Amino acid sequence: MDHQSSITLYEQEDHKFYLLGWEEQEEEGIVQTNQYVILSGKDVVLLDPGGAHVFPRVLANVAELFELKDIKHIFYSHQDPDVSSGITLWLSMTERSQVYISGLWTRFLPHFGIYDHRRITAIPDKGGVISLSNGCTMKLIPSHFLHSTGAFSLYDPTSRILFTGDIGAAIFPQGGRYPVVENFEKHIQYMEGFHKRYMASNNVCRRWVKQISSLDIAAIAPQHGAVIRGDDVKKFLSWFENLQCGMDLIETIYEA
Ligand code: FE
């Protein structure tokens, strides 16, 4: 096996939420990515399953847990290559799956390869839901400009896990990766640089925190770095809504 075991973040009889196992070896010069999978009833939902680079590993992860035919929904938080460039591979491996991505990006996706447009659902700016065959609904929550202009988080009300795409992402130093945050104060240093440069501005951070304020969140699951859970969720939200980033720092970004 060339990858680590997947981690079960939530497990009830007919509802499970997994963080798929990472590559066995850390890779230099390539941003580390997290892929998540929800199994609810008979439906499998893939969250940001990634690009061509990680495809063989993610496929192996998934095949250990589920049958590919059960993949019904593929959610892309935004358009970046590490998120969505594997779209043609996934659509060809999963005959009945539907892809969900911001309507801003549907016309760009064909540049990753040719596929049937009927299998793509454009998420409107104000968000939406993914409805599963057992009646569960995943909420798609606007996360625009964090960092992509058309971005969404996905909230699973059963596990109370919020998948946030690049929000909460961390970039680990070589040899320093871990899947779940144990010391939030120490973890901040790995999130800081990424958020300051990739996120648009503090007022958007605040707007998103307001947007999710009514949700009961057990864990925040980002596409890079480590899962933030328990009391650390509150700490993260307060760090994030006070963050100066992007446009707030425009002079330091442009200055020589
Ligand atoms: Fe991104």
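The largest cavity in this predicted model holds about 30 Å³ of space. The structure has one cavity of 30 Å³ or more. Its lining consists of Ser77, His78, Leu146, His147, Ala151, Phe152, Thr164, Gly165 and Asp166. Sorted by class, three of these lining residues are nonpolar, five are polar and one is charged.

**Iron site**

Among the residues that line the largest cavity are His78, His147 and Asp166, and these also appear in the coordination of the iron ion. The ion is bound through NE2 of His78, OD of Asp80, NE2 of His147 and OD of Asp166, at 2.0 to 2.3 Å. The angles among the four donor atoms run from 80 to 163°, and the site is irregular. A tetrahedral assignment would need all angles between 85 and 135 degrees. Ideal angles at a metal are 109.5 degrees for four tetrahedral donors.

Along the chain, the donors follow the spacing H-x1-D-x66-H-x18-D. His78 sits in the loop between strand S5 (71-75) and helix H2 (81-84), and His147 in the loop between strand S9 (137-142) and strand S10 (152-156), so this pair ties together parts that are 69 residues apart in sequence. Are the two histidines buried or exposed? His78 has a relative accessible area of 2% and is buried. His147 is buried as well, with a relative accessible area of 18%; the cut-off for buried is under 20%.

**Backbone around the site**

Most residues other than glycine have a negative phi, and most peptide bonds are trans. What kind of peptide bond joins Leu146 and His147? The bond is cis, with omega at about -10°. His147 is placed in the loop between S9 and S10, and Phe145 lies in the loop between S9 and S10 too. Phe145 has a positive phi of about 70°, although it is not a glycine. With a relative accessibility of 41%, Phe145 counts as partly exposed.

Arg160, another residue other than glycine, also has a positive phi, near 60°. Arg160 is located in the loop between S10 and strand S11 (161-165). Its relative accessibility is 33%, so Arg160 counts as partly exposed.

**Aromatic pairs**

A search of the whole structure gives 13 aromatic pairs. A pair of aromatic rings is described by the distance of the centres and the angle of the planes. Two of the pairs are listed here.

| Pair | Centre to centre | Angle between planes | Geometry |
|---|---|---|---|
| Phe55 and Trp90 | 4.9 Å | 70° | edge-to-face |
| Trp208 and Phe240 | 5.6 Å | 85° | edge-to-face |

The pair of Phe55 and Trp90 links distant parts of the chain: Phe55 belongs to helix H1 (residues 55-65) and Trp90 to helix H3 (residues 87-93), 35 residues apart. Both Phe55 and Trp90 are buried.

For Trp208 and Phe240, the planes stand at 85°, so the pair is edge-to-face; the cut-off for that class is over 60 degrees. This pair also links distant parts of the chain, with Trp208 in helix H5 (residues 202-211) and Phe240 in helix H6 (residues 232-241), 32 residues apart. Trp208 and Phe240 are both buried.

Which residues do ring pairs link into a cluster? The cluster is made up of Phe17, Tyr36, Phe75 and Phe163.

Key. Residues are numbered from 1 along each chain as its sequence is written. This is a predicted model: local features need pLDDT of at least 70, side-chain atom pairs count only at pLDDT 80 or more; totals for chains, interfaces and linings use all residues. Side-chain values use heavy atoms; hydrogens and water are left out. Donors are N, O and S atoms within 2.8 Å of the metal (3.2 Å for Na, K and Ca); water is not among the atoms, so sites may look incomplete. Four donors count as tetrahedral if all angles lie between 85 and 135 degrees; four count as square planar and six as octahedral if opposite donors are over 155 degrees apart and all others between 65 and 115; anything else is irregular. Helices (H or I, at least four residues) and strands (E, at least two) are DSSP runs, numbered from the N terminus. Buried means under 20% relative accessible area, exposed over 50%, partly exposed in between (1.4 Å probe, protein chains only). Rings of Phe, Tyr and Trp (its six-membered ring) pair if their centres lie within 6.5 Å; planes under 30 degrees apart count as stacked, over 60 as edge-to-face and the rest as tilted. On a 1 Å grid over the protein atoms alone, a cavity is a set of points where a 1.4 Å probe fits but cannot get out, and a pocket is an open set with protein on both sides within 12 Å along at least five of seven lines; lining residues have an atom within 4 Å of a point. Grid points are joined across faces, edges and corners, and a volume is the space filled by probe spheres set on the points. Ala, Val, Leu, Ile, Met, Phe, Trp, Tyr, Cys and Pro count as nonpolar, Asp, Glu, Lys and Arg as charged, and the others, Gly among them, as polar.
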